[in-house]
Amino acid sequence: MNATVAVILVLAVGTYAFRLVGPALHGRVELPDRMQELLSAAAVVLLVALLATGALTEGGGFAGWARPAGVLVGGVLAWRRAPFPVVVLGAAGAAALLRAAGLA
């Protein structure tokens with residue numbers, strides 16, 4: 001068996017195990033309120049870090065100004081509870097306009 005295939009299978013089994021543990025332990029394990037708050041904050045921090053790296057970098061360098069501006073426009077529209085198609089089109093439109101203006 002190829003090493004890549006073995007790694008993919010191990011990751012697939014691990015992912016399935018994580019998905020199975022949640023429903024299996026639901027109601028059996030009680031986390032303190034402070035731990036639940038910390039886990040919620042950690043999830044937000046991880047999502048913001050993922051957003052920042054995806055919006056600001058490309059190929060190990062700065063992605064240019066159009067992409068972060070598009071993400072910002074999409075974030076503001078989502079925060080204002082715009083419909084999802086409006087959020088996507090607004091973000092893409094803002095990035096496209098900035099790229100067309102030469103601010104890639």
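A residue counts as buried when its relative accessible area is under 20%, as exposed when that area is over 50%, and as partly exposed in between (1.4 Å probe, protein chains only). By that standard, 11% of the 104 residues of the protein chain are buried. This is a predicted model, in which local features need pLDDT of at least 70 and side-chain atom pairs count only at pLDDT 80 or more, while totals for chains, interfaces and linings use all residues. Residues are numbered from 1 along each chain as its sequence is written, and side-chain values use heavy atoms, with hydrogens and water left out.

**Overall form**

- The protein chain has four helices and two strands, where helices (H or I, at least four residues) and strands (E, at least two) are DSSP runs numbered from the N terminus.
- Along the sequence these elements follow the pattern α-α-β-β-α-α.
- The C-alpha atoms of the protein chain fill a box of roughly 55 × 45 × 25 Å, taken along the principal axes.

**Aromatic pair**

- The structure holds one aromatic pair, and in this pair Phe-62 and Trp-65 meet edge-to-face, at 5.1 Å centre to centre and with 70° between the planes.
- Rings of Phe, Tyr and Trp (its six-membered ring) pair if their centres lie within 6.5 Å, and planes under 30 degrees apart count as stacked, over 60 as edge-to-face and the rest as tilted.
- Phe-62 is partly exposed, with a relative accessible area of 48%, whereas Trp-65 is exposed, with a relative accessible area of 60%.

**Leu-39**

- Leu-39 lies in helix H2 and is partly exposed, with a relative accessible area of 46%.
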